[in-house]
Structures are given as C-alpha cells and as structure tokens.
Amino acid sequence: HGCPGAARPEEDCYGHWECDTVHGNRKSGYIVTAVERKSGFFMAGYSASRSSSDVAAAIEQMFSKVPAGFFKSITYDQGKELVTSRIFRTLSGSIG
C-alpha cells in the first residue's frame, strides 16, 4: 500500500488516514475523527461510548462514502476501542 519512492507511505500519496476519539463534557459522548494525512481532509462522527462496536460503527459511517482509491491504511491512537478487526473487514469490503 505504499507509494513508490516514498520514505513514509503517507508522505507522497493519498489514502493514509489517522483516527482518534475525543471525549465530550462529563463523558457525554465521543467525537471520532479521521484525517487523511497528505491532504488534511477531515471527517468527524459521533459515538455514544468508547466501546469497539460504537466506535467501529461511527468509523464505518464516516468512511462509507470514501472512494476505494482514497483508502489505503488507517492508524489509530492507543485506545482499546479502536483496536478491532471489524473495522478493517468492513472498510476493506465497503469502501468505494
């Protein structure tokens, strides 16, 4: 999934994303963010909790309209809610 000649894949081609969660006031919910590293394109979604299933659902919804060529990899923060193979299986089969 890298780009030819790039020291780091996300430096020279589109489709490499970084995701994170930001908690609301008094744990009122979470904003799930996704930033495409080269372009800086930003998406955000809502999750009621930090559970893997809720965060995965928010990410799936955000990426549902992303063309397949604009998704090559995704990197998460260290949070346990983002470590789930469900996200990868769903994204690889549904983007585009």
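**Aromatic and charged side-chain contacts**

Tyr14, Trp17, Phe41, Phe63, Phe70 and Phe71 make up one aromatic cluster in this predicted model. In total, 5 aromatic pairs are present in the structure. One of these joins Trp17 to Phe41 in an edge-to-face arrangement, with the ring centres 6.3 Å apart and an angle of 85 degrees between the planes. This pair connects distant parts of the chain: Trp17 belongs to strand 1 (residues 16–23), whereas Phe41 is found in the loop between strand 2 (30–36) and strand 3 (42–47), at a separation of 24 residues. The two partners were also assessed for solvent accessibility. Trp17 is classed as buried because its relative accessibility is 0%, while Phe41, at 45% relative accessibility, is classed as partly exposed.

A charged side chain is also placed against a member of the aromatic cluster. Lys38 is positioned over the face of Tyr14, at a distance of 5.5 Å from the ring centre.

The structure contains 1 salt bridge. This interaction is formed by Glu18 and Arg37, whose closest N and O atoms lie 3.3 Å apart. The salt bridge, too, links distant parts of the chain, since Glu18 is located in strand 1 and Arg37 in the loop between strand 2 and strand 3, 19 residues apart. Glu18 counts as partly exposed because its relative accessibility is 42%. Arg37 is likewise partly exposed, its relative accessible area being 28%. Strand 1 and the loop between strand 2 and strand 3 are thus connected both by the aromatic pair of Trp17 and Phe41 and by the salt bridge of Glu18 and Arg37.

Conventions. Residues are numbered from 1 along each chain as its sequence is written. This is a predicted model: local features need pLDDT of at least 70, side-chain atom pairs count only at pLDDT 80 or more; totals for chains, interfaces and linings use all residues. Side-chain values use heavy atoms; hydrogens and water are left out. Rings of Phe, Tyr and Trp (its six-membered ring) pair if their centres lie within 6.5 Å; planes under 30 degrees apart count as stacked, over 60 as edge-to-face and the rest as tilted. Helices (H or I, at least four residues) and strands (E, at least two) are DSSP runs, numbered from the N terminus. Buried means under 20% relative accessible area, exposed over 50%, partly exposed in between (1.4 Å probe, protein chains only). A charge sits over a ring if NZ of Lys or CZ of Arg is within 6 Å of the ring centre and within 35 degrees of the ring normal. A salt bridge is a side-chain nitrogen of Lys or Arg within 4 Å of a carboxyl oxygen of Asp or Glu.
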